[in-house]
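This note sets out points for a colleague who is examining the model alongside its sequence. The points are numbered so that they may be taken up separately.

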Amino acid sequence: MLHIRLVKSMQLSYPWFLLCLSVVAIPIVIHLFQLRRPQRLVFTNVGFINEVKLVTARQQKLQHLFLLFARVLGLSALVLAFCQPIIPAAHRKETARTGIIDVIVDNSAGMVTPTKTGNTFSAALQHAAGLGNVYSDSQFRLLNSGKSAVNRSVYQRKLSELQITNRVSTITGFEHDALEDGQNTQAYIFSNFQRSTFNTSLLKRIDSSKRVVLVPESGEKTGNIYVDSVWFDDVFLQVRVNTGLHIRLRNGGSKAVADCPVKVFLGPQQVAAFRVTVAGGQAAVTVVQVQVVDQQLVRGRVVTEDAPVVFDNTYYFTAQATGTIRVLEIGAVPVAKVLYEGEPLFNYSFTKPDNINYDALRRANLVLLREVPLVTNGLRDALRGVVARGGSVAIVPAGAEASYASYQQLFRDLGVGVPERISPGMPPELREVALPTAYEEFFRDVLGAQPRGVAMPRVAPVLRWARTGTDILRLRDGESYLAEFANGPGKVYVFAAPFSREYSDFADHALFVPVLYKLAMRSFQSEQQPAYRLTQHVVNLTLPAAGGADEAIDERAALQLVRDSATWLPVQRMQGNNVRLDVPAALDAPGFYQVRRGKQLVTTVALNTSPKESELATYSAGELRALVGPGRPNVQVLEGGPGGAVVAQLQAERGGQPLWRYFLGLALACLLVEALLLRFGRPRVGAGKVAVAA
């Protein structure tokens, strides 16, 4: 049944060559009408007849039939080879009406996996170029280079100009045009189909009227060490103080990498070097000690020296010593002076309510408003501005009931609500503060193990508020003593009791120092991270406060991203000193980018390739077929292979399977059989020469 079906489905490209089958009659005529003349044998002795080897007529007939069959079959196969028989493609009718072919060649960074002849990207280009030979009369849309349909020569030129990009897998950006848009009937996708980047749900959205061919380009198994992330031990970096730099290295390949050299640079200077061994698909964290030498932002690099995948061998990051945290205390007498002035991390200043330094207030990270009898309109507006630009305001209320009205308006403006005024009694009744735990976020890395029965501060609250904020310290009866309220980018902290001795002994307690330290540290906001990814949509930055008239003029200018001579103007949204920059799609090169406002350098950010591209695990052709499922006959998966293997498959799909090679091979095999029969199967009709005595 199989060979009958094959004959029925086979077609001849040049059927007129069948007329040459008449040559088959030649060997038939020769074998039927060949006359063999009798041979005369001269002998001198009757005994010599016994030396003649006789061949029966039956043996001769059988050998002649074999020879006749070989000649007839060989000539027939040769004639059929010239007819160029083919088995028509199953999709021949569908492909015959194709006008425009959509093509996607994945040119993401992950397409550099090595193969025997190069890498998967070069293999994809070679296979995509072969489409020009398969569909020589069609037009092509290379979606990597635009949506316009071009002829074969322009398509080949665009393929030659295609380069590797450091953006994420390019398949995702063209899924609508290539898979969902039914306007064009065919689409070809050449990719390695990385597990980390390929969205398998795209296969479910393929238009049923569109034929989609997936060509997975598989590479050799290899290892790939890359830097996944870096971070410092301490958020607050200090000048010439050693701090631990954590480097998380990951092997995105399937083979283990042993003794991979890793170097760490701060600026042009190498500050550390080590070797690492990581198994396939695993990660390792190494800590090196580094220090910054001044307050300037320093550009750092972590360089891994592994091959053959090298696009992710350099990881860029930035580091900068933390600037001083500006603390301004407003009150009758300075209470926090000794606390903050002894630390180089803080820049402490004090002002009285009747002589406020508004310039210092505008620059302050933390404003400690302590028991001010009357909050004026100007002070209230200035405090609202501090919170709006991302600063913090800590409010310690005054004990006098007459001050409550001005504080009430301040609380409304700062988004705290309206805390209730309560009477502390005469004399004020002191209540004990509950012991905080190190598990609470505010006291994390601040408090250690606390002994039982430790004495806690005692306070007499004058305010009570609804639970709209986050409690930091509570009283033993559950009421809040210190709470945090978020207001846009800034924070507001409210104490329930004054610091005066008649209302509280909190200022004399050991808990006073870590609490005020933590308030100041939390007021310092630096949205800038050590490193970003090119695939991130948004980069959050904290801009330095303006310090003069010239800088005020620059504040009206838009922020720009600058690298070498190239400049980009990203979409930006500002809220106080915080800015959100949309990463332009045109950014595809990892490295350092300056953030400039006019001619003023604001900061420098480090952008790296996506770690997903460094994960080299891919879907095989069999796995893709399983994902497609049996219910989608319009989606086909071809086996990628070296050289023109894919092109041969496409030509078979387009024009059918050619069979002339097999018939030519059959003709040569028949010729070989004929030669063997003539050499070893020819009958011996006589005896050898016999010497006769004289």
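1. Between which strands is the loop with P308 found? The model is a predicted one, and in it P308 belongs to the loop between β12 (298-304) and β13 (314-319). The peptide bond that joins A307 to P308 is cis, with omega of about 10 degrees.

2. A cis peptide bond also runs from M426 to P427, and its omega is near -10 degrees. P427 is placed in the loop between β18 (420-421) and β19 (431-432). Both bonds merit a look by the reader.

3. On the overall make-up, the chain has 17 helices and 34 strands. Of its 694 residues, 44% are buried. Among contacts in the chain with a separation of 6 or more, 71% are between residues 24 or more positions apart. The chain exposes about 36100 Å², and carbon and sulfur atoms supply 55% of that area.

4. The next point concerns the nonpolar interior. In soluble globular proteins, nonpolar side chains tend to be buried together. Here the largest nonpolar core has 68 residues, and those with the most contacts inside it are Y340, L361, L473, Y481, F506 and V515. Helix α12 (residues 512-523) gives the most to this core, contributing six residues. When residues up to four places away in sequence are not counted, V515 touches F442, F443, L473, L482 and F506. Two of these partners, L473 and F506, are themselves listed with V515 among the residues with the most contacts inside the core.

5. Another core, of 27 residues, lies apart from the largest nonpolar core. I225, F232, L237 and V298 are among the residues of this other core. F232 and L237 also appear in the lining of the second largest cavity, which is described under point 7.

6. How many cavities of 30 Å³ or more are counted? The count comes to four. The largest cavity has a volume of about 60 Å³. Its lining consists of V539, L541, L561, L581, D582, V583, L587, V595, V605 and L607. The elements that give two or more residues to this lining are β26 (538-542), β30 (578-582) and β32 (600-608). By class, the lining of the largest cavity has nine nonpolar residues, no polar residues and one charged residue. D582 is charged and belongs to that lining.

7. The second largest cavity has a volume of about 40 Å³. F232, L237, Q238, V241, T243, V290, Q291 and V292 line this cavity. The lining of the second largest cavity divides into five nonpolar and three polar residues, with no charged residue.

8. Two residues deserve attention for their backbone angles. R240 is not a glycine, yet it has a positive phi of about 55 degrees. R240 lies in the loop between β7 (225-232) and β8 (243-251). Is R240 buried or exposed? R240 counts as exposed because its relative accessibility is 55%, and exposed means over 50%.

9. D259, which is not a glycine, has a positive phi of about 55 degrees. The position of D259 is within strand β9 (residues 257-266). With 48% relative accessibility, D259 counts as partly exposed.

10. P489 sits in the loop between β23 (480-487) and β24 (490-495). Why does P489 count as buried? The reason is its relative accessibility of 14%, since buried means under 20%. Leaving aside neighbours within four places in sequence, P489 is in contact with V387, A388, R389, G390, Q525, Q575 and N578. In addition, P489 and G391 are 98 residues apart in sequence, while their C-alpha atoms are 7.6 Å apart in space.

11. S108 is a further buried loop residue, with 0% relative accessibility. The loop that holds S108 runs between β3 (100-105) and α5 (120-134). S108 and Q163 are 55 residues apart in sequence and 8.9 Å apart in space, taken from C-alpha to C-alpha.

Key:
Residues are numbered from 1 along each chain as its sequence is written. This is a predicted model: local features need pLDDT of at least 70, side-chain atom pairs count only at pLDDT 80 or more; totals for chains, interfaces and linings use all residues. Side-chain values use heavy atoms; hydrogens and water are left out. On a 1 Å grid over the protein atoms alone, a cavity is a set of points where a 1.4 Å probe fits but cannot get out, and a pocket is an open set with protein on both sides within 12 Å along at least five of seven lines; lining residues have an atom within 4 Å of a point. Grid points are joined across faces, edges and corners, and a volume is the space filled by probe spheres set on the points. Helices (H or I, at least four residues) and strands (E, at least two) are DSSP runs, numbered from the N terminus. Buried means under 20% relative accessible area, exposed over 50%, partly exposed in between (1.4 Å probe, protein chains only). Contact means heavy atoms within 4.5 Å. Accessible areas come from the Shrake-Rupley method with a 1.4 Å probe; for residues, only the protein chains shown count as cover. A nonpolar core is a set of buried Ala, Val, Leu, Ile, Met, Phe, Trp, Tyr and Cys residues joined through side-chain atoms within 4.5 Å.
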